Every structure is written in structure tokens, then in C-alpha cells.
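Here's a quick tour of how some helices pack, how some aromatic rings pair up, and where the backbone does something unusual. Have the viewer open as you read.

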Amino acid sequence: MTDWRSRRFGRSAATYHEATPVQAQMAHVLAGMLEPDLAPATILEMGSGTGHFTQALRNRFPHAQILATDLSGAMLRQAQHRLGHLSNLRWEILDGREPRHTEAPFDLVASNAMVQWFPDLDLHLHACRSLLGSQGTLAIGGFCHDHFPELDAILRSDEFAYPPGPGHDPALLPDILVSTGFRAWRLESFSWPRTYTSAAAFLGHLRESGANRPPPDGQSLGKERLKRLLTRIEERCATPDGIEITWKPWFLVAS
């Protein structure tokens, strides 16, 4: 049976690349956090999507063998369309929740804007550690537990009764890293306010990236609830230029 994540992101594969400038910025930041003298011969990228971070990795390590993976075949086809002309780059379907691969160990295991969808980050990091050689490096970009605080406050109110959104508290990562066997790491988190012309434009952006959150009852919001949600966002987040929503990414490089 097809995983719900594969279906959702598969449906947005054609629009994802243009709808995700923040994820593209995250890819640039994460690639820039890697040590200047790092020279991996083999790289496993998970959750490669349409190739934002794949491109950043290829630019940084032009001679490395990169295996770019994603749970969605539709996403991989979009990435191949953009980057298929590059050498030393292969594509494969892989579930990143608890990854295993016969070609392990890799010198670098990496992902960008993927792990927020995994409730058990401990399990994922243990699996990543097993994919690395003794001198290997892990590079991850994700979103904080308080990501989109303006939207989350509205959705978690009694009016909409959503559960907490996806994401992790980066303050919990050091203990997980120690238990996983990593010896050193660099961890950073940021708040990036972004302006959208309207609440409808922001929610449309999420839908085109596959990151929209379905209601807790699993049903469509419906016209009336959607209208109320748009109104609440406009009321809470209004600026002279539209609305402001805060993205809260975190970045980790560990070895």
C-alpha cells in the first residue's frame, strides 16, 4: 500500500520546486555548514524531493558519488528531469524513517526538510548512524516544534482543534546524539519571517508544496471552516504588505 506521504508529495511533485524557496534556502545554509575540508567519496541523500539539496551537494562535492533517494517516485522523476544531466548521480526510492541500504557505509548521510514528518527522531538518527562509516558525517535540516507559530496557535484553538504540527525541539537533539554514538556536532536554529500577499496565498503555497495539514477528522475543511481559517490568519498575521508567517528551521552537522 502506498504511504500517505508518498501520495501527498507525489501529487505536489509538479509544483513543489517553485513553491519551496525556503527549502531551497535551507539547502544552501546546510551545505554551507559542512566543514571546508570535508571530501566525501559517497553520499546518501534522503528526502531529495525535486533536488534543492541534491544540487547543493553536487555543487559542493562535484566528484562524489551521490545516491539521491525519496519515498515518492514522482518527486524523483522531477529531480531527474532537472539534474539528470549531471554525472555521478543516481536515484532510488527509499523510506527515510528507518533507512537501510546495502551500499552502506557512506561518507555523508544527508537530508533537508524531511525529518519533521518523523515522530520518532531517535529511531531515525540511530538508523542514520548505522549507515555511516566510523569517520562519516551526518547533515540534517528540519523544522522546529514551534514552526509556523502564528498558524499553529490558530489551528490548535478550540475553534479548529488540530493536534500539534510536525517538527522537533532542537534542545532535545544533544541527548539523542550522545545515545546514538555521535561525538561532535554543530546545531543551529533560526526564525525566518516571510510575507505573503494574503492568507489564501500562504495556504496555496503549502498545498503546492505538499505540506498542508489535513483536519484532525481526516475530512476536507469545507468552505465554511476554510473561510473562518482564512479570516483568523488575516486577523492575527496582518502587516501593511499582507500577512507574516514565521518559518523556524534547524540545522545539524554531526560526526
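Let's start with Phe148, which sits in the loop between E5 and H7. Keep in mind that this is a predicted model. Phe148 isn't a glycine, yet its phi is positive, at about 50°. With a relative accessibility of 10%, Phe148 counts as buried, because the cut-off is under 20%.

So what does the ring of Phe148 pair with? The partner is Phe202: the ring centres are 5.3 Å apart and the planes are at 85°, so this is an edge-to-face pair. In sequence the two are 54 residues apart, with Phe148 in the loop between strand E5 (132-143) and helix H7 (149-155) and Phe202 in helix H9 (residues 199-209), so the pair links distant parts of the chain. Phe202 is buried too, just like Phe148.

A second edge-to-face pair joins Phe190 and Phe251. This one also ties together distant parts of the chain, 61 residues apart: Phe190 is in the loop between strand E6 (185-189) and strand E7 (192-196), while Phe251 belongs to strand E10 (residues 249-254). Phe190 is partly exposed, with a relative accessible area of 30%, whereas Phe251 is buried at 0% relative accessibility.

Here are both pairs side by side.

| Ring pair | Centre distance | Plane angle |
|---|---|---|
| Phe148 and Phe202 | 5.3 Å | 85° |
| Phe190 and Phe251 | 5.9 Å | 65° |

The whole structure holds eight aromatic pairs. Ring pairs also join Phe143, Phe148, Tyr196, Phe202 and Trp247 into a cluster.

Back to H9, the helix that carries Phe202. Its buried residues are Ala199, Phe202, Leu203, Gly204, His205, Leu206 and Ser209. After H9 comes Gly210, with a positive phi near 80°.

Now for the helix packing. Two packed helices are described by the angle between their axes and the distance between the axes. Helix H6 (residues 121-131) and helix H8 (residues 173-180) pack at about 40°, their axes 10 Å apart. That angle makes H6 oblique to H8, and the crossing is right-handed. On the H6 side, the contact uses Leu121, Asp122, Leu125, His126 and Arg129, which meet Leu173, Ile176, Leu177, Ser179 and Thr180 of H8. By class, that contact has five nonpolar, three polar and two charged residues.

How do the axes of H3 and H4 cross? Helix H3 (residues 21-33) and helix H4 (residues 52-60) have axes that come within 8 Å and cross at roughly 30°. Angles under 35 degrees count as roughly parallel, and H3 and H4 are therefore roughly parallel to each other. H3 passes H4 in a right-handed crossing. Gln23, Ala24, Ala27, Leu30 and Ala31 of H3 make the contact with His52, Phe53, Ala56 and Arg60 of H4. The residues here split into six nonpolar, two polar and one charged.

Finally, a couple of backbone details. Most residues other than glycine have a negative phi, and most peptide bonds are trans. Ala113, not a glycine, has a positive phi of about 55°. You'll find Ala113 in the loop between E4 and H6, where it counts as buried at 13% relative accessibility. The peptide bond joining Ala104 and Pro105 is cis, with omega about 10°. Pro105 lies in the loop between strand E3 (89-93) and strand E4 (106-112).

How values were computed
Residues numbered from 1 in each chain as written. Predicted model: local features only at pLDDT ≥ 70, side-chain atom pairs only at ≥ 80, totals over all residues. Heavy atoms only, no water. Axes fitted to C-alpha atoms, helices over the stretch in contact; angles between N-to-C directions. Helix = DSSP H or I, 4+ residues; strand = E, 2+ residues; numbered from the N terminus. Parallel < 35°, antiparallel > 145°, perpendicular 65-115°, else oblique. Left-handed = near helix turned anticlockwise from the far one by under 90°. Contact = heavy atoms within 4.5 Å. Nonpolar A, V, L, I, M, F, W, Y, C, P; charged D, E, K, R; others polar. Phe/Tyr/Trp six-rings, centres within 6.5 Å; stacked < 30°, edge-to-face > 60°. Buried < 20%, exposed > 50% of the residue type's maximum accessible area, 1.4 Å probe, protein only.
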